[in-house]
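I set out below what I looked up in this complex, in the order in which I looked. The entries treat confidence, then each chain, then single residues.

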Amino acid sequence: MNEQVTRPADRTTLGIKPTPGWARWVNEHRKWVLAAPAMIFVAALIVFPLVWTMYLSLTDAEGSVRADKEFIGLGNYLKVLSDTERFWPAVGRTALFTVVVLTFEMIFGMVIALLLRRSFKGERLVRLAILMPLVATPVAVGMMWRLIFDPNIGLANAALALVKIPPQPWLAGQYTALPTTMLIDIWQWTPMVALILLAGLTSLSDEPDEAAQIDGASTWQRFWHVTLPLLMPTVIVALLLRGIDALKTFDILYATKGKGGGSYHEVETLNVYAYGLSFDYNEYGVSSTVLILFFLIIIGCMWALAGRGKK
Amino acid sequence: MKRSTFLGLALVPAAATALSACSDGGASSGSTTLRVILANHVWTEAIKAAIPDFEKSSGLKVELTTLGEDQLSDQYNVKLNAGTGDLDVMMYRPLQEGKLFAKNGWMADLTSKSKADKAYDWADFQESPIKATTYKDKVVGVPIITEREVLYYRKDLVQKAGFAGPPKTLDELKAQAAKIATDNPGVAGFVARTGKSPAVTQFSSFLYSYGADWTTADGKSALDNPKALDAYKMYGGLIKDYGPKNVSTDMSWPQAMAIFQQGQAAFYTEADSLYKNATDPTKSKVADTVGFAQFPAGPAGSKPYNIPSWALGVNKASTNQDNAWKFIAWATSKEMSLKTQQAGVPSARNSVWANPEGVKGYPKDIVDATLASVKVGVDHDRPVVVKVSQARELVGAPIVDAITGKDVAASVADAHKKFDAFLADEK
């Protein structure tokens with residue numbers, strides 16, 4: 001405080017013009033001033049839409065968001081939460097999709113990371129090949145797999161025919177479509193998990209592992225009791241990143257099955273459902289409700305996972 | 001897309017409303033720059049090539065945006081919701097979004113403009129397409145592309161099976177499809193759209209030809225009509241019994257057309273405006289053997305739809321409406337309609353069809369099928385409601401159930417109940 005009082009006086013004696021009032025204000029509040037652009041940005045692009053979506057979810061907005069709408073309280077929430085035809089099946093599919101792909105991606109990712117940890121001949125080529133799916137555009141990936149899994153002209157059935165397995169409906173089947181999209185997701189996103197885990201593995205020191213080896217632990221014991229616990233923070237990060245992404249999967253599902261997730265909504269997850277409600281049905285109130293509920297689900301999952309990570 | 005999808009979705013309604021506050025009347029009055037937004041289409045290509053001529057004669061500058069069908073739809077959802085004035089001329093689908101747009105007050109009234117100019121000759125437009133671009137007795141759009149459902153068929157296969165010609169009735173279609181499918185392993189007797197929503201429009205001609213319709217005169221569901229059940233059974237049965245093996249239930253026209261182009265199906269019912277996909281040798285293996293016929297007659301005769309798949313309208317929030325009409329009047333004039341039709345896009349103008357120049361290059365059988373269909377055509381190919389997407393899914397569900405061999409009667413009864421409730425809710 002003293003400094004601020006004395007400084008202008010000192011400056012005047014030195015022949016420097018007194019600092020204008022606004023500049024002093026800026027100087028005194030510089031932590032807010034410097035953070036302001038970022039805060040305004042966050043407020044405008046995240047907080048405002050979120051609040052607005054919450055507001056819309058409490059109205060019967062449809063057709064046009066500018067049309068007259070009535071405040072209907074929790075009406076939409078009651079409607080959505082009691083909808084056993086589209087909403088709950090979509091929640092179920094979202095959960096199933098996330099759990100299945102996450103499980104396989106973590107297991108395969110771990111195996112790949114452990115294999116890639118040791119150097120071997122042709123290592124760079126193998127790494128490159130494994131990372132390929134990751135860099136491909138999801139929509140292009142969707143289109144590619146759609147062709148591969150075409151029941152009549154696709155490669156998948158041609159390959160099955162070689163080993164005398166009858167053709168499968170794949171994406172075209174009411175009950176096979178969701179597992180098929182899971183397969184595509186696992187194919188595409190396992191490399192990312194492998195990459196994160198590999199980074200974690202590389203940073204681990206070899207000593208605990210060597211000590212365990214000297215104590216006579218088997219390979220499995222060394223992995224389960226030494227490497228895995230040490231790697232846990234990285235595993236949690238991979239789970240969080242991939243888990244949230246898997247919950248929100250949209251592109252692969254939309255590219256392979258289109259609006260509504262197929263004629264029987266067989267791959268309709270919450271994200272696909274919400275998109276359809278907004279852009280196809282123009283039911284902005286209901287759509288906002290689904291999005292808010294979806295948002296809460298994601299926050300809940302994140303919180304649960306992050307909480308476990310801290311333990 | 002992934003991580004941003006949720007946020008992006010959350011943003012849309014919000015951004016739309018936020019924008020609305022500041023963008024009303026964004027365009028300056030009578031600006032010489034005209035903002036035109038069109039869908040990717042053969043029609044658009046033909047018009048694009050001629051736009052410099054329009055710019056020269058009118059002194060206007062055209063700022064053109066072209067987008068894919070779905071992106072265009074999303075654009076309208078965002079921009080029109082925001083009440084934007086920076087769209088003047090809009091290409092839209094009268095039967096899919098026309099009623100919603102008009103109800104929301106997004107379409108300018110073109111009634112007096114369309115009828116003012118004698119040389120433009122509004123009476124020259126076919127009746128059913130005009131009905132579809134009219135909302136509450138006001139003209140809100142000018143049809144640019146029309147289509148009717150016709151029968152695509154393989155002449156060689158029909159001949160090989162010993163039939164004198166393509167089927168005249170739906171029962172004959174069934175018999176011919178059955179014979180050809182049995183005689184030619186690997187070739188389906190029949191293919192058509194199978195997706196719950198895409199199939200609705202192509203199923204509609206079956207429905208009308210059986211003497212049924214989606215709704216009754218007083219706006220209730222008409223699906224409890226036993227004739228409707230017969231129509232569902234016919235369409236679904238044709239695909240279930242004689243369609244491609246392991247048939248997907250997501251097919252829209254590109255997938256169904258691909259099967260026909262590959263020579264894997266004998267009959268295919270589809271919009272005539274897509275005929276070039278079957279006759280173009282670079283796309284189609286059956287280009288030399290494809291034939292076209294009028295939609296086969298059902299118990300109520302041959303009743304294909306005759307609808308405008310696309311039309312031009314003017315954004316009501318545009319402050320450049322007079323110039324926007326100038327563009328539409330030019331693009332839908334007799335001369336330009338002739339040009340676009342010659343490029344392969346069926347026009348809505350009778351004079352163009354009557355003109356031998358207008359059908360030059362078209363296969364004779366498609367011209368015959370089209371002209372015959374215009375006479376008997378029905379003016380809608382889907383339920384005429386505001387929320388078309390939901391309605392299509394409701395009435396389309398029994399199509400898919402018929403294809404997959406489920407209980408069609410139960411499915412139609414269920415659809416009738418839901419569609420009736422939907423219609424009551426929309427009133």
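**Confidence**

I began with chain B, whose mean pLDDT (the predictor's confidence in each residue, from 0 to 100) is 90, with 93% of its residues at 70 or more. I noted that residues 1-28 of chain B have a pLDDT below 50. In the model this stretch nevertheless has 60 contacts beyond near neighbours in sequence, a contact being heavy atoms within 4.5 Å. For the complex I recorded an ipTM of 0.79 and a pTM of 0.84 from the predictor.

I kept the conventions in view: this is a predicted model, in which local features need pLDDT of at least 70 and side-chain atom pairs count only at pLDDT 80 or more, while totals for chains, interfaces and linings use all residues. Residues are numbered from 1 along each chain as its sequence is written, chains are lettered from A and ligands numbered from 1 in the order in which they are written, and side-chain values use heavy atoms, with hydrogens and water left out.

**Chain A**

I looked up the secondary structure, taken as DSSP runs numbered from the N terminus (helices: H or I, at least four residues; strands: E, at least two). Chain A has 14 helices and zero strands. Its radius of gyration is 27 Å, well over the 19 Å that the globule rule gives for 311 residues, so chain A is more spread out than a compact globule. That radius is taken over C-alpha atoms, and the rule is 2.2 Å times the number of residues to the power 0.38. Along the principal axes I read a C-alpha span of about 95 × 70 × 35 Å for chain A.

I then turned to burial, where buried means under 20% relative accessible area, exposed over 50%, and partly exposed in between (1.4 Å probe, protein chains only). In chain A, 43% of the 311 residues count as buried. Of the chain A contacts between residues at least 6 apart in sequence, 66% join residues at least 24 apart.

The area exposed by chain A is about 17,200 Å², with 70% of it supplied by carbon and sulfur atoms. Such areas come from the Shrake-Rupley method with a 1.4 Å probe; for residues, only the protein chains shown count as cover. For charges, Lys and Arg count as positive and Asp and Glu as negative, without His or the chain ends; each is placed at NZ of Lys, CZ of Arg, CG of Asp or CD of Glu. The 26 positive and 24 negative charges of chain A have mean positions 6 Å apart.

**Chain B**

I counted 18 helices and ten strands in chain B. Its radius of gyration is 22 Å, close to the 22 Å of the globule rule for 427 residues, so chain B is as compact as a globular protein of that length. The C-alpha trace of chain B spans about 65 × 50 × 45 Å along its principal axes. Of the 427 residues in chain B, 59% are buried.

Among chain B contacts with a separation of 6 or more, 76% involve residues 24 or more positions apart. I noted an accessible surface of about 16,300 Å² for chain B, 53% of it belonging to carbon and sulfur atoms. The mean positions of its 49 positive and 47 negative charges are 1 Å apart.

**Single residues in chain A**

I located A:Asp251 in helix H12 (residues 251-257); this residue is buried, at 4% relative accessible area. From A:Gly21 it is 230 residues away in sequence and 53 Å away in space, C-alpha to C-alpha.

I found A:His265 in the loop between H12 and helix H13 (270-280). Its phi is near 55 degrees, a positive value in a residue other than glycine, and A:His265 is buried at 10% relative accessibility.

**Single residues in chain B**

I checked phi for B:Asp137 as well: the value is near 65 degrees, positive in a residue other than glycine. B:Asp137 sits in the loop between strand S4 (134-135) and strand S5 (138-139) and is exposed, at 74% relative accessibility.

I placed B:Ser204 in helix H9 (residues 198-209), buried at 0% relative accessibility. Residues up to four places away in sequence aside, B:Ser204 touches B:Trp214, B:Tyr305 and B:Asp381.

I ended with B:Gln261, in helix H11 (residues 253-261) and buried at 13% relative accessibility. Beyond neighbours within four places in sequence, its contacts include B:Asn277, B:Lys283 and B:Val286.
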